[in-house]
Amino acid sequence: MDFYVNNEKIDIVLENEKTVGDVLKSFEEECAKNKATTINIKLNGKNIGADEFDSIFTEPLKDDTRLELVIVTQDEIKSAFTAQLSECDSLSNELLELPVKLQSGKDKEATVLISKLADFIEKFCHTATLSALFEEIYSKLLIDGKSVNDFFQDFSEILNDFEGAIASKDTVLMGDLAEYEISPRLQAIATTIKEL
């Protein structure tokens with residue numbers, strides 16, 4: 001059997017494990033001890049979705065069985081948030097300058113900034129989703145006293161308005177939303193990250 005964790009081949013000694021499920025169960029117990037968890041399983045080159053998990057659990061181990069796992073640790077989640085902190089702070093400050101950029105015809109700079117904002121939100125949401133696997137982090141992930149879901153429910157309406165303003169080239173609304181709505185919310189995200 002070939003066993004890979006995060007694309008690295010691991011030498012394992014099978015004791016009483018006879019099925020894929022036995023290996024996964026033993027591995028998950030080790031992960032729990034090390035504040036880690038599995039986020040992706042590939043068996044013999046095929047990604048296994050949550051709905052297929054039960055069917056592979058009883059599959060017998062063979063010499064040519066190839067099991068590939070992707071794991072994430074609690075420390076990696078904390079590091080990802082820490083790495084996003086400076087980006088969040090700087091975006092928040094740059095958004096305060098968006099109205100001036102728009103009024104002075106610096107459309108390219110404004111476009112780059114909007115793209116950076118979209119990338120940051122996507123990265124933050126991905127990390128926040130993974131953090132839900134670790135109660136110790138997720139329980140502290142309150143932004144302005146709200147859960148991440150509640151916070152982004154409100155925030156996404158503002159982002160939709162922002163997107164609409166971009167589409168209609170309403171530079172006044174874009175500037176107002178950036179300065180008075182989006183920038184303060186990024187500051188709130190930054191504050192939460194600092195407290196983690």
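Biologist: Where is Lys101 found?

Modeller: In this predicted model, Lys101 is found in helix α4.

Biologist: Is Lys101 buried or exposed?

Modeller: Lys101 is buried, with a relative accessible area of 13%. The cut-off for buried is under 20% relative accessible area, so a value of 13% qualifies.

Biologist: Which residues does Lys101 touch, not counting those up to four places away in sequence?

Modeller: With those left out, Lys101 touches Lys106, Glu109 and Ala110.

Biologist: And with which residue does Lys101 form a salt bridge?

Modeller: The partner is Glu97, and the closest N and O atoms of the pair are 3.6 Å apart. Glu97 counts as partly exposed, at 42% relative accessibility.

Biologist: Why can such side chains pair?

Modeller: Side chains of opposite charge can pair when their charged atoms come close.

Biologist: How many salt bridges are there in the model?

Modeller: The count comes to 13 salt bridges. One of them joins Asp89 and Lys194, with the closest N and O atoms 4.0 Å apart.

Biologist: Which parts does that pair tie together?

Modeller: Asp89 lies in helix α3, residues 74-96, and Lys194 lies in helix α8, residues 171-195, so the salt bridge ties together parts that are 105 residues apart in sequence. Asp89 is partly exposed, with a relative accessible area of 22%, whereas Lys194 is exposed at 52%.

Biologist: What about Lys146; which residue is its salt-bridge partner?

Modeller: Lys146 forms a salt bridge with Asp154, and their closest N and O atoms are 2.6 Å apart. Lys146 is partly exposed, with a relative accessible area of 32%, and Asp154 is partly exposed at 33%.

Biologist: Which residues are joined into one network by salt bridges that share partners?

Modeller: Lys35, Lys78 and Glu136 are joined in that way.

Biologist: Back to helix α3. How far apart are its end C-alpha atoms?

Modeller: The end C-alpha atoms of α3 are 33 Å apart. The helix has 23 residues, and at 1.5 Å a residue the expected span is 33 Å, so the two values agree.

Biologist: Where does α3 bend?

Modeller: The bend in α3 is at Leu85 and amounts to about 30°. Leu85 is also one of the buried residues of α3.

Biologist: Which other residues of α3 are buried?

Modeller: The others are Gln74, Ile77, Phe81, Gln84, Cys88, Leu91, Ser92 and Leu95.

Biologist: What covers the buried residues of α3?

Modeller: The cover includes strand β5 (66-73) and the helices α4 (98-103), α5 (107-131), α6 (135-138) and α8.

Biologist: Let us turn to α8, then. Is Thr192 buried or exposed?

Modeller: Thr192, which has its place in helix α8, is buried, with a relative accessible area of 3%.

Biologist: With which residues is Thr192 in contact, leaving aside neighbours within four places in sequence?

Modeller: Thr192 is in contact with Lys140, Leu141, Leu142 and Ile143. Thr192 and Leu142 are 50 residues apart in sequence, yet their C-alpha atoms are 6.6 Å apart in space.

Biologist: Now the surface. Which residues make a nonpolar patch?

Modeller: Ile39, Val70 and Leu133 make a nonpolar surface patch of about 230 Å².

Biologist: Where does Ile39 have its place?

Modeller: Ile39 is in strand β3, which runs over residues 36-43. Ile39 is partly exposed, with a relative accessible area of 40%. A patch residue needs over 30%, so Ile39 passes that cut-off.

Methods
Residues are numbered from 1 along each chain as its sequence is written. This is a predicted model: local features need pLDDT of at least 70, side-chain atom pairs count only at pLDDT 80 or more; totals for chains, interfaces and linings use all residues. Side-chain values use heavy atoms; hydrogens and water are left out. A salt bridge is a side-chain nitrogen of Lys or Arg within 4 Å of a carboxyl oxygen of Asp or Glu. Helices (H or I, at least four residues) and strands (E, at least two) are DSSP runs, numbered from the N terminus. Buried means under 20% relative accessible area, exposed over 50%, partly exposed in between (1.4 Å probe, protein chains only). The expected span of a helix is 1.5 Å times one less than its number of residues. The bend at a residue is the angle between axes fitted to the seven residues ending there and the seven starting there. Contact means heavy atoms within 4.5 Å. Patches are made of residues with over 30% relative accessible area and no salt bridge: like charges are joined within 9 Å, nonpolar side chains (Val, Leu, Ile, Met, Phe, Trp, Tyr) within 5 Å. Accessible areas come from the Shrake-Rupley method with a 1.4 Å probe; for residues, only the protein chains shown count as cover.
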